[in-house]
Amino acid sequence: MTNSQMVLRKGIAVSGRGRLFLLSFLMLFVELALIRWAGSDVTYLTYFTNFVLLGSFLGIGIGFLRAKSRIDMFAWAPVMLAFLVGFIGIFPVAVDCGGSQIIFFGCIPKTSGLPIGVTLPAIFLAVAMVMAAIAQGVARSFAEFLPLDAYRLDILGSLAGIAGFSLLSFLGAPPVVWGAVVSAAFLVLYSPSFRYVQIVALAAILIMLGKESINPANSWSPYYKISLSKEFHGEKGRPDVMLLSVNGIPHQEIETSSYRKKVEPVYFLPYQRIQSNPLKNVLIVGAGNGSDVAIALASGAKHIDAVEIDPNIYRIGRKWNPEHPYQQPQVTMHIDDGRAFLERTREHYDLILFALPDSLTLVSGQSSLRLESYLFTAEAMSTARKHLNVGGAFGMYNYYRENWLLDRLGHTLELTYGQRPCVDTIGTLSGGFSLLIVGLKKGDVRCAHVWAPVVVSVPAPSSDDLPFLYVRTRSIPQSYLIAIASIFLTSLLLIRAAAGPLGQMRGYLDLFFMGAAFLLLETKNVVQFALLFGTTWFVNALVFFGILLSVFAAVELARRVRFRRPARLYVALFATLVLAWMIPPDKLLSLSIPLRFLAAVSLAFAPIFLANLIFAERFRVVGSSTVAFGANLLGAMVGGLLEYSSLIVGYQSLLVFVAVLYTFAFIFSRKRELRAAVQAPTLGRTYPDAPFIR
């Protein structure tokens, strides 16, 4: 090889590394953006964000399996993305998503857009195609490097993708900014040769996202698309009301406390029911735009701790609430998760009020957990009780919509306080506005009506392990079961059609099971940290970032150290899983914040680190890095489907599923090693990933 050839080769390698890094950044950034944006315009996805995640995993897996295809899918990625953005923009969905098995507050009683049977499959397929096109570009760049080198660059790009999207979320950037980042990445990757259709598609994406972003009524928080509008009544004595909608769902009204007292006096009942008025110290969780804070001030509260998870909703309330409650010196504002605040604060209160803290969205794109889920568990109620002063009371109100839900909460308070709470209901019980309030001791509140069960079988209280307040029984709702079955069957058909016979992945079954186990382990850790440190977007971003850092550390170690006996790594992995099983996350809540953090990180990231050492050691010797990585990602999709089992068994039991899946991975890994050992004397060398020979 001549010197000039060596220089040229070095230049290509450097360029190739940058390209793989940017491709991996683009792939994860687009995935996060689709999860975040699609749910803001399609109400179905507010509660099925997992749908977009699973479509992404399927698409990425197909893209890797199609790495050697003659068809250049990556060249058409902007066109596919433009089609998806256009479809969602033309057919946004607002829907009543209540049901007998699972209910959601805030859903409007009418449906717009296409039926769920059309919208969800269309979005699932479109997301899969977009991600497959991008992933094919990643896979082709992936194949230019040794497997671990490629995986390392992929992780670095993914870390950059999470950091970039988290930064834009923190800044409240609208979708057009996300589109600009994606477009810039595409232009760099296509440089220096562009196709006319690519430029047109990217321009169309920016125009469509720009139209939504420049609407002055819209703003973007880390959780929602927030829309403001005025409702002009024209009635004498009734002021106009500012309506606040999130993701297309009416959420809050901004109006004066004097008018609310006139038309909705139930909001003032907590202050009338409690005996120890006037109140010196009040905690309001779900402070929102400040209406409940204004009511507390009007009712004589001397000091108020107001907790609201969404910074944009707080800023809107600070600007638009006509009584300016957040500017009052008696009010201390906390942008935080309600459960996390209760766990950290040392304050005690005369009244703790959960004021309509329904989030209307999930924690992340890969769990069934809602932002407020940990507020309503039996453990949370006990924590709130510990922060009451003598003579104090706890209250909550909302449009509970279902008798069984009100009974579940009433029963939870009865078990926590040793007495039945008071209940006030405006309108019919099913669908009416209800207040539940209970004193620390009997006689602390004046009851007009004592809660009594309406349903024959009162659902058990939700718990930190099963925090699914809105699911009546330990079951997977029918709508979820249909979605799971549809995804599974569609995925099999798409993989078969796009990648040919599934037999090419037969030699990578251990990697398939590793992918499924790792996704469940990742989900378990996201949920665990949500309980321990709050369900805020910042905590979630740190968890995902920490997981990828653990993966990166494992890859770096594997690149420098050979583990000749992977079985020992499996033993260590199973040991950490057993330890995590023996110490449920709620047991760490009693620790101080620093100790809780150290314990949580150790329990969560030790199995992740070991699992990725196993993966990296295996991935080092794969025969085809693209097929192997594709099999691993398709396994992750199956793990995403298995996450729904937490609705039945709880999140802690996911560790059992993780252990079973890694057991299968170990079994198939041993079979591969034995097959390689048999083939080696015959073939003169070891082919660790040779396909089965018929």
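Hi everyone, let me start with a helix pair: helix 16, residues 509-533, packs against helix 17 at an angle of about 140°, and their axes are 10 Å apart. That angle makes helix 16 oblique to helix 17. As for handedness, helix 16 passes helix 17 in a right-handed crossing. Before I go on, please keep in mind that this is a predicted model.

So who meets whom in that contact? On the helix 16 side we have F518, E522, N525, V526, F529 and F533, and they meet V539, N540, V543, F544, I547 and V551 in helix 17. Sorted by class, the contact of helix 16 with helix 17 comes to nine nonpolar residues, two polar and one charged. If you look at the spacing along each helix, here is a handy reminder: an α-helix has 3.6 residues a turn, so residues three or four places apart point the same way.

Helix 17 has another partner I'd like to show you. Helix 5 covers residues 147-171 and helix 17 covers residues 537-560; their axes come within 10 Å and cross at roughly 165°. Angles over 145 degrees count as roughly antiparallel, and helix 5 and helix 17 are therefore roughly antiparallel to each other. Here the handedness is left: helix 5 passes helix 17 in a left-handed crossing. Counting residues by class, the contact of helix 5 with helix 17 has 18 nonpolar, three polar and four charged.

Let me zoom out for a moment. The protein has 694 residues, of which 59% count as buried. Its secondary structure comes to 22 helices and 11 strands. And for those of you who like contact maps: take the contacts between residues at least 6 apart in sequence, and 78% of them join residues at least 24 apart.

Now to the strands. There is an open sheet of seven strands, in the order 7-6-5-8-9-11-10, and the pairing is mixed. At the edges sit strand 7 (331-335) and strand 10 (422-426), each pairing on one side only. From one strand to the next, the twist averages 15°. Helix 14, residues 403-417, packs on this sheet and touches strand 9 (388-399), strand 10 and strand 11 (433-439). The direction of helix 14 makes about 5° with that of strand 11.

Within the sheet, let's pick one pair. Strand 5 (residues 282-285) and strand 6 (residues 304-308) run parallel and are joined by four bridges. If you want a place to click, V282 stands opposite I304 in strand 6.

Between those two strands in sequence you'll find helix 10, residues 291-298. Is helix 10 mostly covered or mostly uncovered? Mostly covered: six of its eight residues are buried, and these are S291, D292, V293, A294, I295 and A296. After helix 10 comes G300, with a positive phi near 100°.

My last stop is a hairpin. Strand 3 and strand 4 form it with two residues between them, and N247 in the turn has a positive phi of about 50°. Strand 3 (residues 241-246) and strand 4 (residues 249-254) run antiparallel, with five bridges joining them. M242, for example, stands opposite I254 in strand 4. Five of the six residues of strand 3 are buried, so that strand is largely enclosed by the rest of the structure.

That's my tour, thanks for listening!

Technical notes:
Residues numbered from 1 in each chain as written. Predicted model: local features only at pLDDT ≥ 70, side-chain atom pairs only at ≥ 80, totals over all residues. Heavy atoms only, no water. Axes fitted to C-alpha atoms, helices over the stretch in contact; angles between N-to-C directions. Parallel < 35°, antiparallel > 145°, perpendicular 65-115°, else oblique. Left-handed = near helix turned anticlockwise from the far one by under 90°. Nonpolar A, V, L, I, M, F, W, Y, C, P; charged D, E, K, R; others polar. Buried < 20%, exposed > 50% of the residue type's maximum accessible area, 1.4 Å probe, protein only. Pairing = 2+ DSSP bridges. Contact = heavy atoms within 4.5 Å.
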